Amino acid sequence: MAPRFQGVDFYDMDGLLMEEERAVRDTVRAWVDERVLPIIGDCYVAGRFPKELVPQMAELGLFGANLPEEYGCAGLGNVAYGLIMQELERGDSGVRSFASVQGGLVMYPVYAFGSDAQKRSWLPRMASGEVIGCFGLTEPDFGSNPAGLITTARETKDGWVLNGAKMWITNGSTAQVAIIWAKTGPPEDVASIRGFLVPTDTSGFSAKDQQGKLSLRASDTSELVLQDVHVPKDAVLPGSQGLKSPLLCLTQARYGIAWGAVGAAMACYDEAVHYAKARVMFGRPIGGFQLQQARLADMLTEITKAQLLCLQLGRLKDKGAATPQQVSLAKRNNVDMATDVARETRRLLGANGILAEYQAMRHLANLESVYTYEGTHDVHTLILGQEITGLSAFA
Amino acid sequence: MSRVLAVCEQRDGVLRKVSHEVVTAARRLADALGGEVDALVLGAAAVRGTDVLGRYGADRVVTLTSAAFRRSAPEECAGTIAGRVQSGGYDTVLLAASATGKDLAPRVAAKLGVALAQDVTDATAESGVVTAVRPIYAGKVLLKVRLTARPAILAIRPSVFTPVERPRAGAAETAAVDVAAGRVVVREVKAAAAGTLDVGEASIVVSGGRGLKEPANFKLLEELAAAFGGVAAVGASRAVVDAGWRPHADQVGQTGKTVSPTLYIAVGISGAVQHLAGMRTSKVIVAINKDKDAPIFKLADYGIVGDLFEVVPKLAAEIKKVYG
Amino acid sequence: MKIAVCVKRVPDTEARVKIGAGGKAVDEAGVKFVLNPYDEFAVEEALRRKEQAGTGEVVIVCLGPAAAQETIRTALAMGADRGVLLQADAIPADGFEVAKALAAELRPGGYDLILFGKMAVDDYNQQVGPMVAELLDLPCVTSIVHLDLTAGAGVAEREIEGGVEVVEFPLPAVLTAEKGLNEPRFPALKGIMAAKKKPLETKPVALGAGGVEVVALTTPAERTAGKIVGEGAAAVPELVRLLREEAKVI
């Protein structure tokens, strides 16, 4: 039985956290150790999202944790929110993705763009896990270029009619409601993009899980098809307008992912250290060989840097001062370094590293998705490039 | 002259063997302090087995009887013991740190208004002051203390103070005592499955972990334990107790029982620190595991690397030949 | 239903324990402290009893240094109502001194139930609960694995050698919790935030030196590895021979 996770904290980051932030981190850490880790390897191999964890996550208050208490949420600060994502992803990127989507991509847009009636109606039920949501922005032909999306929302006498298809939608097949981003005007009118709350049992709406994934296997990833889906007038999120609305949601999720990646890296590093000390070859622990020590030193260095990056980003966000470009830098760096840590851990583990019994290869495979989603690594590179030079190199 | 009281334990009218250890330890202290040992036995009537206590060093064996002592009755016993300590002028009191004793000793100490050294693994006296050693932090650290209060009260860990014969008179006295009724009443005792020996008491323990793969496979360990002819108990690691395969009462380790049997056989147990904390003071440790790098081998006196499903049945067969 | 739960701040059991320079105390540098695991069962049971009664108060009492406020807040985050810290920088090795301080705080409280964890995972003293019961002259049942309450009385189960004892007792009473009593809840995030606003009183307390004087802390002798007798079932006869003739344990 694996020992309980003790954390990776080389520069006493704990000393920079407030007591409640440590308490939040500790409770999620304990929950992940006790409820997620024992089952997640098997879920991953089976290609199953552990739905039974959802009520437990809701009871802990993990959904929309940084949204206000009046909607049944915990009202936490952004560092605490980040620490939740860190610990969830230390468990599995698929579990963290569920929480990111539910909190950052479903509850957040309702909170930021919804009417009071929509907020009061949906948010408490989403916080309690009674209603699961999904975020429908990406389309089969429009990933990195969401501005080009072609899902339409045509206004009618008593509502809207939506038509289109979405792809790579986390929680799609289990959600009771989908936040669908669609153009109310012609395809070239990016400003006409608006968000719609679409109950998934509406006639014309269908969701199907995508098969054959080699990454994020413990997560539901779905295609959505909307064929003449009629929704009432009040389905639109009144505050949503243009691409900046969904992008604002993505920035929330990306912030959580920057922390989450650190969690995955910490899990791999911890596994590497324990293994290196226990595994004996040529008569002594492999942790005593120079090449393995170099691996471990590099891992610890990158993790420490990424942790401090996250902390400052969180503090800036608490002040309302964090920019999307700052979030891009953190997401880009942290996911990239986490992928390296996972890969190097896999290598240090030798043949054992290919087994689902160990965490490294599962994290490695998952992180490839995290590298690509929420803005690919390359897209964030160009976001930073534009920020630095003022020149767009996008296309 | 020092007066040392050795509080013995009985169950169902028979003296428990741990009492020999308590008297042995008491004798050792009395010799260092220059004094006498009185053994104290509380029972509903005369208790069988008290006649050997003189052999282990008791100058006197005092049996106090009351109907209240028929069942485990810590409240009633504590009152009687404390009263006896005071009326007898004892300066040092020893009890067993058995499950019963660990509950009884604090009550006695508190009634007398003094400290208690709980779960002691070594005790000596230097210049008239009793010093004790007790494991703390799950056995990772040994704490040596001087007991400056009078009386000095110690509860000694079972299976550590090997009984030694230092014969004294062992003069027997019996008296009936009046005991005020306690407020806690034992309604019933649900006995463990017939024939199961308590893991904390057995001289041989065969323990299983996740390597057994399924709860039904513990039958292999039960057969191995049975091969020792009734003196072996089956223990379990935390992993299989948490998984619901075995009861908590069988758990050996930091959050289970600490055991010190003569022989501990760890089957399919990797040897996590928390488990080792519960059995590292066993006299002889044998490990059977298919992983030659399992940490348990670092601690085991003898190990077999192999498939437990082949090794354990063979071992049971060989042991049966020895025990007949 | 008014319930007090006495808790202790202890080092995390997975922490590596280092003996400090003077050899008389454990080095606390870099050590993570937690709510004593056995106390978690006690807190959880108190919360369940209050929930079952529908009304009442769960009060957390802790003897410890100022940092123990964080420990109390963990219990408040689980759902307890208020806390009291009896502040003492050094906890004496003599459990009776601790018991006296706790008893003095608990005595005027009018508690129906006072709960403890069976023991602390640092000092392994396993005595403070029953000692407090003696000082308060209350019935005491230790190491309970099950509890049922009715008006003014309780029934508890405890593991003993060879079985399970079922005992009845009147309230008020002192009980100590064993692993298996319940499964403690994880503090929910809302609970963590709410804990910050719950009353937490700090009172300085003066403790006597007591009757236990620390002489030294040492690490036990390492058990050295023995020998691998062989591989597979073929090694069994040799193992049995060694156990018989060399170790002489069978």
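This passage describes the overall build of chain C, the contact between chains A and B, and one helix of chain B in a predicted model.

Chain C makes a convenient starting point. Its secondary structure consists of six helices and 13 strands, and its C-alpha trace extends over about 65 × 45 × 40 Å along the principal axes. Of the 250 residues in this chain, 52% are buried. Contacts across the sequence are also informative here: when pairs at least 6 residues apart in chain C are considered, 70% of the contacts link residues at least 24 apart.

Turning to the meeting of chains A and B, six residues of chain B are in contact with five residues of chain A. On the chain B side, three of the residues are nonpolar and three are charged, with no polar residue among them.

Within chain B, helix α3 covers residues 99-112 and repays a closer look. Its 14 residues should span 20 Å at 1.5 Å a residue, and the end C-alpha atoms lie 21 Å apart, so the expected and modelled lengths agree. Twelve of the 14 residues are buried, and α3(B) is therefore largely enclosed by the rest of the structure. The buried set includes B:Ala99, B:Leu104, B:Pro106, B:Val108 and B:Leu112. Charged side chains belong to it as well, namely those of B:Lys102, B:Asp103 and B:Arg107. Just after the helix comes B:Gly113, which has a positive phi, near 70°.

Notes: Residues numbered from 1 in each chain as written. Chains lettered and ligands numbered in written order. Predicted model: local features only at pLDDT ≥ 70, side-chain atom pairs only at ≥ 80, totals over all residues. Helix = DSSP H or I, 4+ residues; strand = E, 2+ residues; numbered from the N terminus. Buried ≥ 20, exposed ≤ 12 C-beta atoms within 10 Å, placed from the backbone. Contact = placed C-beta atoms within 7 Å. Expected span 1.5 Å × (residues − 1).
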